[in-house]
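Student: Please give me a close look at a single part of this structure, and then set that part in its surroundings. I would like the terms defined as you go.

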Amino acid sequence: MQIDGFILQILLGTIVTIKLALCAAAFGMVIGLIGALLESIPSPWLRYPAASIIFIVRGLPELLVLFFIYFGITAILKSIFQRYIEVSAFAAGVIALGLIFGSYASQVFRGAFLAIDHGQIEAGRAMGFSNWQLFSRVQLPQAWRHAIPGLGNLWLVLLKDTAIVTLIGLTDMMNQAKTAASTTHQPFTFYLIAAVIYLFITSISQKVINYFTNRSNRYVHT
Amino acid sequence: MINILSYLPQLASGLSVTLILMLASVSIGLVLAILITMCSLSGFLLVRKCAGFIVFFIRGTPLLVQLFLIYYGAGQFEWIRDTWLWIVLREPMGCAIIALSINSACYTSILLQGAIQSVPKNEIAACEAIGMGKWLAFRRIIFPRAFRIALPAYSNEVIMVLKGTSLASTITLLDLMGVTQQLMSEGYQIVQFYIIAGVIYLLLNAIITAIFNQLLKWSALPQRQSG
């Protein structure tokens with residue numbers, strides 16, 4: 001049947017959506033760690049620019065950030081190479097969503113590192129740990145535990161934000177649903193299918209996040 | 001360099017659409033949020049389950065999908081077109097307000113439910129002790145108390161609604177984002193227009209934050225020694 005064909009297309013789009021979310025999350029984690037690092041540096045020359053970029057990105061609508069990056073990069077490339085260069089919607093999506101994810105994640109990371117009891121670091125020093133050992137054996141595993149719930153929430157927000165990348169022409173799940181909706185004149189059916197797929201992905205994610213949250217707390221005695 | 005002043009009327013009309021969208025959605029959303037919260041505390045299992053499912057569905061799907069589902073999806077059904085609902089649903093403004101307020105209501109309801117759970121148990125016990133009925137205790141003590149607890153997080157929710165209004169431009173509404181895109185496609189002054197819109201959004205953010213800071217100060221209880 002006709003609907004089966006469209007559902008296959010939507011499922012193919014789902015793969016694009018998941019790929020986009022994973023790439024943006026990976027990029028965002030790096031941005032977030034760098035942001036958290038820069039914000040904790042005493043030098044105002046690094047701290048204030050980082051803090052203001054984070055503030056601006058967090059205050060702007062996601063759509064505006066996406067369009068600014070997509071059309072902004074196009075304009076910059078055009079002025080450099082003096083001709084029109086097509087920017088891939090996927091790359092623009094990864095950069096924009098990664099930037100948004102990263103600016104929220106930097107706050108999560110900062111909070112997570114601050115949440116570690118200072119005595120732990122002193123204890124590590126007393127045991128003769130090097131700075132790297134201290135970071136990788138004491139600080140990171142514990143910061144991770146504090147960061148997981150926050151990062152999990154950001155991942156759920158990111159998954160839902162991927163829908164807007166369809167507006168700059170990425171053939172993701174949303175775009176396939178739109179095509180199916182306008183071809184069959186059954187918009188409600190196909191947008192509902194898209195909604196159910198999003199619901200499915202977010203529910204699975206929630207289960208995975210819960211698993212990791214419990215796992216990271218397995219040695220914690222209250 | 002573009003002459004910003006010549007675009008001022010268009011930007012102002014876009015800003016007014018954004019503000020109307022935001023104020024309408026926040027106020028309808030708040031009323032709906034209180035309703036959903038009361039349903040989720042209801043004694044009837046079915047009512048609780050329904051409220052829980054609506055919140056689960058809305059929080060698990062993108063706002064854009066919800067917006068398209070209402071704006072494009074409603075027209076699929078002949079019987080909707082024959083009812084008075086169609087007067088609202090054929091207008092992009094009506095659809096945007098419906099989608100944004102339902103969305104905001106579900107997120108706010110989660111905040112309120114968390115806040116109600118964190119109302120100190122001894123205050124509820126005190127209500128019972130002086131013979132307040134369930135409803136009276138809820139109205140006079142639990143709800144105002146919960147609202148104070150939820151207020152800081154609620155300001156973030158209002159900012160989320162402001163950011164969400166930009167999606168209304170995808171269903172042909174000329175809000176601040178829609179006007180910006182229109183100006184951009186006319187003038188090819190890409191980056192400048194986005195910067196202007198961005199500055200306006202940040203200013204609105206700052207205003208909302210300032211209002212909520214004032215509300216927090218205004219609603220703060222006098223500090224007492226506890227214990």
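Tutor: What follows begins with one pair of helices and widens from there to the two chains.

This is a predicted model, in which local features need pLDDT of at least 70 and side-chain atom pairs count only at pLDDT 80 or more, while totals for chains, interfaces and linings use all residues. Residues are numbered from 1 along each chain as its sequence is written, and chains are lettered from A and ligands numbered from 1 in the order in which they are written.

The part to look at is the packing of helix α1 (residues 8-40) of chain B against helix α6 (residues 92-117) of chain B, whose axes come within 6 Å and cross at roughly 45°. The axes are lines fitted to C-alpha atoms, for helices over the stretch in contact, and the angles run from 0 to 180 degrees between N-to-C directions; helices (H or I, at least four residues) and strands (E, at least two) are DSSP runs numbered from the N terminus. That angle makes α1(B) oblique to α6(B), on a scale where under 35 degrees is roughly parallel, over 145 roughly antiparallel, 65 to 115 roughly perpendicular and the rest oblique. The crossing of α1(B) with α6(B) is right-handed, meaning that the near helix is turned clockwise from the far one by less than a right angle, whereas an anticlockwise turn would be left-handed.

On the α1(B) side, the residues that make the contact include L21(B), A24(B), S25(B), I28(B), G29(B), L32(B), A33(B) and I36(B), and among those supplied by α6(B) are I97(B), L100(B), S101(B), S104(B), A105(B), T108(B) and L112(B); two residues are in contact if their C-beta atoms, placed from the backbone, lie within 7 Å. By class, the residues of this contact divide into 15 nonpolar, 9 polar and no charged, where Ala, Val, Leu, Ile, Met, Phe, Trp, Tyr, Cys and Pro count as nonpolar, Asp, Glu, Lys and Arg as charged, and the others, Gly among them, as polar.

Within this contact, S25(B), which belongs to helix α1 of chain B, repays attention. S25(B) counts as buried because 27 C-beta neighbours lie inside 10 Å; the cut-offs are 20 or more other C-beta atoms within 10 Å for buried, 12 or fewer for exposed, and partly exposed in between. Leaving out residues up to four places away in sequence, S25(B) touches I97(B), L100(B), S101(B), S104(B) and V161(B). E78(B), by contrast, is 53 residues from S25(B) in sequence and 27 Å away in space, C-alpha to C-alpha.

A second helix pair in chain B gives a useful comparison: α7 (residues 121-129) and α8 (residues 134-165) pack at an angle of about 165°, with their axes 11 Å apart. That angle makes α7(B) roughly antiparallel to α8(B), and their crossing is right-handed. Here E123(B), I124(B) and C127(B) of α7(B) meet A137(B), I141(B), I142(B) and R145(B) of α8(B), a contact with 5 nonpolar, no polar and 2 charged residues.

Both pairs sit in a chain with 10 helices and 0 strands, in which buried residues make up 36% of the 227 residues. Of the contacts in chain B between residues at least 6 apart in sequence, 76% join residues at least 24 apart. The loop between α8 and α9 (176-187) of chain B holds T172(B), a residue other than glycine whose phi is positive, near 70°; T172(B) counts as exposed because it has 11 C-beta neighbours inside 10 Å.

Chain B also meets chain A, with 24 residues of chain B in contact with 29 residues of chain A. On the chain B side, α2 (45-60), α3 (63-71) and α10 (190-219) each supply at least two residues, and the largest share, 8 residues, comes from α10(B). That side of chain B divides into 15 nonpolar, 8 polar and 1 charged.

Chain A itself has 8 helices and 0 strands, and 37% of its 222 residues count as buried. The largest nonpolar core has 113 residues, and L64(A), A194(A) and L67(B) are among those with the most contacts inside it; such a core is a set of buried Ala, Val, Leu, Ile, Met, Phe, Trp, Tyr and Cys residues joined through C-beta atoms within 7 Å. Apart from its neighbours within four places in sequence, A194(A) is in contact with I10(A), M173(A), M174(A), A177(A) and V65(B).
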